[in-house]
Amino acid sequence: MTAQAIRKVSMYFPVSFGKLWMAVLRLGFLMMLVLGLSACAIMQGHHDLKPLKPLPIPAEPESLAAHAPNGSIWQAGTNVSLFSDNRANRVGDLITVLIQENSSASNNTNTAINTSDSLSAALTNFFGIVPAFGSVAGTPFSPSMGANSSQKYGGTGATTQSNTFTATLEVTVVRVQGNGNLVIEGSKEVLLNGGHEYIRVAGVVRPADVTPQNTILSTQIADARVEYSGNGSIYSAARMPWLARFFLSLWPF
């Protein structure tokens, strides 16, 4: 193509081929970026839909086939009971714990200390002789002395705490003690707003305290350990940063 023909084409297409090519490249790059982000969102969605796995079981119940049949209709170790209800009484049985923890405490302290001391001594004569230790600027020294001291300290302190925790949790009997008491343990994990929340209960209960509905109050659990904790952005925001905790541990006041 001659230079004259190129000039004629440029007259009909005022935008140069270089600028047009750069615009096409930019448009292609934006399309690839949008497609890539869409693919990542789709992959993330499929990742979140992975199958759920239950928490580990604290104790496996004894198999019903563990006892060899003896030809009788009644077989020991089965779930059928002719003279009692279905309340938990063996390893692996489930109990519903009704967590109802309400606690409050207050303490006031007031301390006041005042001390005052006074000391004075003088020597006016010694075997009838008035002692003299010279003078300074015409003022004689006197063999006497006096001292006073006073100390005062006051301190007050007050603390008030109140907690309320209400929840329901299914626990497993992990061991039966020699006297028939049941050692229970259970936990629950909830994923909420990008953070995990955990509820854990462990302790010892009496079979007589278990209701016919197979429930028990958390206040009736001996050596109880009730835990409610979590992690995530909400819990991280409420926690003091590590550098601030470091300087606070070194601050003497």
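## Salt bridges

In this predicted model, Arg206 pairs with Asp209 in a salt bridge whose closest N and O atoms lie 2.8 Å apart. Arg206 has 47% relative accessibility and is therefore partly exposed. Asp209, at 17%, is under the 20% limit and so counts as buried.

The count of salt bridges in the model is 3. Another of them joins the side chains of Arg200 and Glu227, with an N to O distance of 3.2 Å. This pair connects distant parts of the chain, since Arg200 belongs to strand 6 and Glu227 to strand 8 (residues 222–230), 27 residues apart. Both partners are at the surface in part: Arg200 is partly exposed at 35% relative accessibility, and Glu227 is partly exposed at 32%. Asp93 and Arg90 also meet through their side chains, at 4.0 Å from N to O. Here Asp93 is buried, with a relative accessibility of 18%, whereas Arg90 is partly exposed at 28%. Side chains of opposite charge can pair when their charged atoms come close.

## Chain layout

The chain contains 4 helices and 8 strands. Their order along the sequence is α-α-β-β-β-β-β-β-β-β-α-α, with the strands placed between two helices on the N-terminal side and two on the C-terminal side.

Of the 253 residues in the chain, 13% are buried. The accessible surface amounts to about 20700 Å², and carbon and sulfur atoms account for 62% of that area. Taking the contacts between residues at least 6 apart in sequence, 65% connect residues at least 24 apart.

## Nonpolar core

The largest nonpolar core has 17 residues, and those touching the most other members are Ile95, Val97, Ile99, Val171, Ile184, Val201 and Val205. At least two core residues come from each of strand 1 (94–122), strand 4 (144–176), strand 5 (182–192) and strand 6 (195–205). Strand 4 supplies the largest share, 5 residues. In soluble globular proteins, nonpolar side chains tend to be buried together.

Val205 can serve as an example of the surroundings of a core residue. Apart from neighbours within four places in sequence, Val205 contacts Ile95, Asn181, Leu182, Ile184, Ile216, Gln220 and Ile221. Two of these partners, Ile95 and Ile184, are also among the core residues that touch the most other members.

## Thr96 and Asn214

Thr96 is part of strand 1 and is buried, with 15% relative accessibility. Leaving out residues up to four places away in sequence, Thr96 is in contact with Thr168, Leu169, Glu170, Asn214, Thr215 and Ile216.

One of these partners, Asn214, sits in the loop between strand 6 and strand 7 (215–217). Asn214 is likewise buried, at 15% relative accessibility. Its phi is near 65°, a positive value in a residue that is not glycine.

## Asp223

A positive phi is also found at Asp223, where the angle is about 50° although the residue is not a glycine. Asp223 is located in strand 8. With a relative accessibility of 68%, Asp223 is over the 50% limit and therefore counts as exposed.

## His196

His196 lies in strand 6 and is partly exposed, with a relative accessible area of 26%. The His196 side chain makes a polar contact of 3.3 Å with the side chain of Glu189. The C-alpha atom of His196 is 6.5 Å from that of Gly232, although the two residues are 36 apart along the chain.

## Nonpolar surface patch

Trp242, Leu243, Phe246, Phe247 and Leu250 make up a nonpolar patch on the surface, and their combined accessible area is about 600 Å². Phe246, one of the patch residues, is located in helix 4 (residues 242–250). Its relative accessibility of 43% falls between the limits of 20% and 50%, so Phe246 is classed as partly exposed.

Conventions: Residues are numbered from 1 along each chain as its sequence is written. This is a predicted model: local features need pLDDT of at least 70, side-chain atom pairs count only at pLDDT 80 or more; totals for chains, interfaces and linings use all residues. Side-chain values use heavy atoms; hydrogens and water are left out. A nonpolar core is a set of buried Ala, Val, Leu, Ile, Met, Phe, Trp, Tyr and Cys residues joined through side-chain atoms within 4.5 Å. Buried means under 20% relative accessible area, exposed over 50%, partly exposed in between (1.4 Å probe, protein chains only). Contact means heavy atoms within 4.5 Å. Patches are made of residues with over 30% relative accessible area and no salt bridge: like charges are joined within 9 Å, nonpolar side chains (Val, Leu, Ile, Met, Phe, Trp, Tyr) within 5 Å. Accessible areas come from the Shrake-Rupley method with a 1.4 Å probe; for residues, only the protein chains shown count as cover. A polar contact is a pair of N or O atoms within 3.5 Å; within protein, one must be able to donate a hydrogen and the other to accept it, and residues adjacent in sequence count only if both atoms are side-chain atoms.
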